[in-house]
2 protein chains.
Amino acid sequence: MQAPLLSVSRRTRRTPFTDRVEAAGVQAYTVYNHMLLPTVFESLEADAAHLKRHVQLWDVSCQRQIEVRGPDATRLVELCTPREISSMDTGQCRYSPIVDEGGRMLNDPVVIKPDADRYWVSIADTDIGLWMDGLARGMGLAAEVEEADVWPLAVQGPRAEALMQRVFGEGVRGIRFFRCGRVAVADHPLRVSRSGFSKQGGFEIYLDRAELAEPLWDTLLEAGRDLQVRAGGPNLIERIESGLLSYGNDMTRANTPYECGLGALCRLDKELRCIATDALRAEAERGPRRSLTGLRIDGGPVPVCREPWRVTANGTRAGSVTSAAWSPDCGTNVAIGMLECGHGEPGTRVRVEAPGGSRSATVCHLPHRG
Amino acid sequence: MQAPLLSVSRRTRRTPFTDRVEAAGVQAYTVYNHMLLPTVFESLEADAAHLKRHVQLWDVSCQRQIEVRGPDATRLVELCTPREISSMDTGQCRYSPIVDEGGRMLNDPVVIKPDADRYWVSIADTDIGLWMDGLARGMGLAAEVEEADVWPLAVQGPRAEALMQRVFGEGVRGIRFFRCGRVAVADHPLRVSRSGFSKQGGFEIYLDRAELAEPLWDTLLEAGRDLQVRAGGPNLIERIESGLLSYGNDMTRANTPYECGLGALCRLDKELRCIATDALRAEAERGPRRSLTGLRIDGGPVPVCREPWRVTANGTRAGSVTSAAWSPDCGTNVAIGMLECGHGEPGTRVRVEAPGGSRSATVCHLPHRG
């Protein structure tokens, strides 16, 4: 089925990069944190192939930065996640599941500590700032929670470092993975981290002055001509191949971090302040009832996975596929799914009820492609 | 500019009605509360004209019902809104701004009291359940907050009552505005209220069993053939004409209820538990700095308002237009905007910086069309 049209309005917020994204020929968006997120330029397949060979600029402004500051800032972030926060260095980033009191996933942001007394929670698609603010107000914490005027621009792909170095100098090479550094645009300092929602390497630039968006975009495009830089976005094929999870797709509030394969991030051996510590300890002891895994689905290209596809093993319900795409590089359909315990062993043969008919599939490890 | 395509996934949730909506020829969606909301079938203008003469079925499943229950349920809802809640009758609905501690708008839901010990907060497009849950957990309240498995179907238009009566019997005529009643579908009782996001009259049916969605849809379509019933959705033209506000478009967290013309709903004369009572009292005393109003914009049809359009009066900044559309019935462009105090007087002539050039406009009362 052809994709439907998207009605845009002020509510589906534009970003400081949107005019450039449109000029670059964006074909489709999704709406993410009430904001436009470009998803397709040439085609999913062509965009993936380009991303894996060259370098792309991604308008990921929708990765909103929830700024937490004040004397109780660390305590508030610790309340929200089972990941250890107090040991973070200034300038460090940590992928940190956020959970409710029952240990259910509310979001899976990267928590950034740009300064000693401040956090940026770089969020997936739920208004988790409302949860954090509500909790802070209910507990009377001295912590402010606010969506910052920051619009991240990702530079992704194997030539990302080369491009960044040309524009911002040798210094960017010294920025380690999931660490922040600084670059300057028109004499204005911007934070940058080595990170991004692909496994092709790259950086995220935290633009905090809207009027610099187009100069920044244009400078990177111009400097990277011979590197074949172009506009892109988080790519469905590449992220499934790489085993990158999407909140709302691969997991929801119905799931725990253990089900999502994030148990190792839950530092239950530490003195945690997380409000879900008891629930997560019980889950850890019990063991998760299901878990995310890879699947390879036989046959020709599958359609878009618009709702979970039922998975059966020997005729009984075994779970569901949550994301799927044809991977030209793997020569098969790659998928992510949530399977009940006992069915998630790599090599297990299952059936997937995809649109257009039942298909055979094989459970496999993530990532599909390292 | 042509509307872009929408990339759909599990994260942009389908509803139990989506298959029928697609079969009815939906052309465009928006994403609202992480869910598909149909916006256009024939065209905005044709859909509006049909809505005002006949009757439409609207899949407004995205009006998620946040269920609040438990001994502290009333207290929690009261904490969140300056509207009086304790005096609500069972079966009553109240449009209730939800505000943060500073008295800023977080959402503008209809609060429904389906039972004596339970509320449904029928929400606009923010995850306000996260705020309510965070607040409840932070305060240790005995209140559960959960997104209910309820998918509202709106029946809207001047022939809505006739259609509902045919299908559900004479009883529906007795349901008063913003009150709930009951109807039965395949012997399953469903709540219904006389309400909806148009001023053409109608009902909202709170479907709580997904497998009844298509029988319900088909029954209404079949019974209303001679009433020319068809699929529709909240209509941009009709809602602006009617002065119905859209959270995220006409107001955001930057605004107070007073700025949104909702001051009369803030019962500061009562003993309120709302956490924003002090902030709202101060705002009421000070008077809002700006306020929502109607505007009529001269010239031919305006394009879609994708971001606020600057409004000036005698060359100085006066505010912005937040929603606009060509109204065939008014013979002009109708709009909603937020104007600084001193510029909002009906009859005031202003300039609007719309895409394609500056236009003259006249401030007017809302609704545009009663």
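**Helix on the sheet**

Which strands of chain B does helix H5 (residues 160–168) lie across? I looked this up and got S4, S12, S13, S14 and S15 of chain B, with H5(B) running at about 45 degrees to S15(B). I take helices (H or I, at least four residues) and strands (E, at least two) as DSSP runs, numbered from the N terminus. The axes behind my angles are lines fitted to C-alpha atoms, for helices over the stretch in contact, and the angles run from 0 to 180 degrees between N-to-C directions. Contact, for me, means heavy atoms within 4.5 Å.

Before going on, I note that this is a predicted model, where local features need pLDDT of at least 70 and side-chain atom pairs count only at pLDDT 80 or more, while totals for chains, interfaces and linings use all residues. Residues are numbered from 1 along each chain as its sequence is written, chains are lettered from A and ligands numbered from 1 in the order in which they are written, and side-chain values use heavy atoms, with hydrogens and water left out.

**The open sheet in chain B**

I followed the strands under that helix next. They belong to an open sheet of six strands in chain B, ordered S13-S14-S15-S12-S4-S16, with mixed pairing. I call two strands paired if DSSP finds at least two bridges between them. The edge strands are S13 (180–185) and S16 (230–232) of chain B, each pairing on one side only. From one strand to the next the twist averages 30 degrees.

I zoomed in on one pair: S14 (residues 188–193) and S15 (residues 202–207) of chain B are antiparallel, over three bridges. Val192(B) stands opposite Ile205(B) there. I also found helix H2 (residues 44–53) of chain B lying across S4 (56–59), S12 (151–156) and S16 of chain B, at about 120 degrees to S4(B).

**A barrel in chain A**

Over in chain A, I found six strands that close into a barrel, in the order S17-S20-S19-S18-S21-S22, with antiparallel pairing. Neighbouring strands of this sheet are turned by 40 degrees against each other on average, direction ignored. I checked S17 (residues 290–297) against S20 (residues 332–340) in chain A: eight bridges join them. Ile297(A) has Asn333(A) as its bridge partner in S20(A).

**Two chains together**

How many degrees of turn lay chain A on chain B? I got 180 degrees, with a shift of 0.0 Å along the axis and an RMSD of 0.0 Å. The two copies are thus related as by a two-fold rotation axis. My superposition is by least squares on the C-alpha atoms of residues with pLDDT of at least 70 in both. The same surface serves both copies, since 98% of the contact residues of chain A recur in chain B.

I listed the contacts: 51 residues of chain A touch 50 residues of chain B. The chains bury about 4700 Å² between them, 55% of it on carbon and sulfur atoms. Buried area here is the accessible area (1.4 Å probe) that two parts lose on being put together, summed over both. Leu5(A), Arg10(A) and Arg11(A) supply 19% of what chain A buries against chain B, more than any other three residues.

I then counted ten salt bridges across this interface, a salt bridge being a side-chain nitrogen of Lys or Arg within 4 Å of a carboxyl oxygen of Asp or Glu. One of them joins Arg11(B) to Asp125(A), with the closest N and O atoms 2.9 Å apart. H4(A) gives the most to the side of chain A that touches chain B, with nine residues.

**Odds and ends**

Cis or trans, I wondered about the peptide bond from Leu366(A) to Pro367(A). I found it cis, with omega near -5 degrees, and Pro367(A) sits in the segment after strand S22 (357–364) of chain A. The bond from Leu366(B) to Pro367(B) is also cis, with omega near -5 degrees.

Asp187(A) caught my eye: its phi is positive, about 70 degrees, although it is not a glycine. I placed Asp187(A) in the loop between S13 (180–185) and S14 (188–193) of chain A.

My last search, over all chains, gave 73 salt bridges. I picked out Glu214(A) with Arg20(A), at 3.2 Å from N to O. This pair links distant parts of the chain, helix H6 (residues 213–223) and helix H1 (residues 18–23) of chain A, 194 residues apart.
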